[in-house]
Amino acid sequence: MSKYKQVYEDIKKQITTGSLLVNHELPSENELMKHYRFSKDTIRKALALLERDGYILKQQGRNSIVLEPSLNKPQSLTTLLTMGELNYPQTHDVQTKLTDLYIVQGDPILMETFQVDDSVDFYRVGRTRTINGECVEYEISYFNRRIVPYLNRMIAESSIYHYLEQELGLAISYSEREISFRYANDDEKTALDLGEYDMVVVVTSITYLENGQAFQYGSISYRPDKIVFTSTAKR
């Protein structure tokens, strides 16, 4: 990872976790240079990226200021954040509702994805997410029960990742993602408040532990006006 991206990711994490407070100023560029031991050009590139993604506001003649989190800011394709982390410190009314929770076994797609035989079973978890009164996300996820042996409604409607990391001690590392655009299916039309839209943005992903083992496969369908992704491309 480049130096400016390291600074970007570290400051972004401090903002999303509340270590850096909303409406407070960041340290000066010189202070950030001393802290990270990088050049002023590196610090300025990181701050420009943070401003582009809506985390800070640069001010003429003053230090940058931390902006209030917004769920409508672009989500980075290179980070894994829960809705709770995106919504810190609870600036939006977010409600997660469990629609399905049952065990499946012998599904060909799951067996191929996880490279297992039909003796392995999976939790199928269906959830909707309502933001400020509008249901704009519909999620279907499958968890390998050899790694995630137990889930219930309370866990699913709060934070599955918090449970996996804090209670089970799992080290979640990275996710492979595919983004597609298609017409909404019947389940999505029923679950989502699509309004005038008849299409959805679908993010399908396989998520891995630190040891490289896949533990989750699934997709999240978004109302198209409620999601923006960002990524950094290099040549």
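This section describes the fold, the main sheet, the nonpolar core and selected residues of a predicted model.

The protein chain comprises eight helices and 10 strands. Of its 235 residues, 41% are buried. Contacts that are distant in sequence are frequent in the chain: among those between residues at least 6 apart, 58% join residues at least 24 apart. The accessible surface of the protein chain amounts to about 13,300 Å², and carbon and sulfur atoms account for 47% of this area.

Six of the strands are arranged in an open sheet, in the order β4-β5-β6-β9-β8-β7, with antiparallel pairing. The edges of the sheet are formed by β4 (94-105) and β7 (172-183); each has a single partner strand, so one side of each lacks a neighbour in the sheet. On average, neighbouring strands of the sheet are turned by 15 degrees against each other, direction ignored. In general, the strands of a sheet pair through backbone hydrogen bonds, in either a parallel or an antiparallel manner.

Strand β8 is flanked in this order by β9 and β7. The antiparallel pairing of β7 with β8 involves 11 bridges. Two positions illustrate the register of this pair: Tyr174 has Tyr208 of β8 as its bridge partner, and Ser175 stands opposite Thr207 of β8. On the other side, β8 is joined to strand β9 (residues 214-222) by eight bridges, and these two strands also run antiparallel. Here Thr207 is placed opposite Gln216 of β9. Thr207 thus faces Ser175 as well as Gln216. Strand β8 is mostly covered, with nine of its 11 residues buried. The hairpin of β8 and β9 has four residues between the strands, and within this hairpin Gly212 adopts a positive phi near 85 degrees.

Ser219 provides a further view of the sheet. This residue is located in strand β9. Its C-alpha atom lies 6.2 Å from that of Ser205, although the two residues are 14 positions apart in sequence. When residues up to four places away in sequence are excluded, Ser219 touches Tyr138, Glu139, Ile140, Val202, Val203 and Thr204. Among these contacts, Tyr138, Glu139 and Ile140 fall within the range of β6 (134-144), while Val202, Val203 and Thr204 fall within that of β8 (199-209).

The largest nonpolar core contains 18 residues, and those with the most contacts inside it are Leu110, Phe122, Tyr142, Leu192 and Val200. At least two residues of this core are supplied by each of α5 (108-114), β6 (134-144) and β8 (199-209). Nonpolar side chains tend to be buried together in soluble globular proteins. The surroundings of Phe122 show how separate parts of the sequence meet at one core residue. Beyond four places in sequence, Phe122 touches Tyr102, Ile103, Val104, Leu110, Phe114, Val116, Tyr142, Phe143, Asn144 and Arg145. Two of these neighbours, Leu110 and Tyr142, are themselves listed among the core residues with the most contacts.

Polar residues also occur in buried positions. Arg129 is part of strand β5 (residues 121-131), and its relative accessibility of 10% places Arg129 in the buried class, for which the limit is under 20%. The side chain of Arg129 forms a polar contact of 2.9 Å with the side chain of Glu137. Thr16, in helix α1 (residues 3-17), is likewise counted as buried because its relative accessibility is 11%. The C-alpha atoms of Thr16 and Tyr55 are 8.8 Å apart, with a sequence separation of 39 residues.

Positive phi values were also found at two loop residues other than glycine. Gln115 is situated in the loop between α5 and β5, and its phi is near 55 degrees. This residue has a relative accessibility of 65% and therefore counts as exposed. Asn132 occupies the loop between β5 and β6 and has a positive phi of about 50 degrees. The relative accessibility of Asn132 is 47%, so this residue is classed as partly exposed. Strand β5 is accordingly preceded by the loop that holds Gln115 and followed by the loop that holds Asn132.

Technical notes. Residues are numbered from 1 along each chain as its sequence is written. This is a predicted model: local features need pLDDT of at least 70, side-chain atom pairs count only at pLDDT 80 or more; totals for chains, interfaces and linings use all residues. Side-chain values use heavy atoms; hydrogens and water are left out. A nonpolar core is a set of buried Ala, Val, Leu, Ile, Met, Phe, Trp, Tyr and Cys residues joined through side-chain atoms within 4.5 Å. Buried means under 20% relative accessible area, exposed over 50%, partly exposed in between (1.4 Å probe, protein chains only). Contact means heavy atoms within 4.5 Å. A polar contact is a pair of N or O atoms within 3.5 Å; within protein, one must be able to donate a hydrogen and the other to accept it, and residues adjacent in sequence count only if both atoms are side-chain atoms. Two strands pair if DSSP finds at least two bridges between them. Axes are lines fitted to C-alpha atoms, for helices over the stretch in contact, and angles run from 0 to 180 degrees between N-to-C directions. Accessible areas come from the Shrake-Rupley method with a 1.4 Å probe; for residues, only the protein chains shown count as cover.
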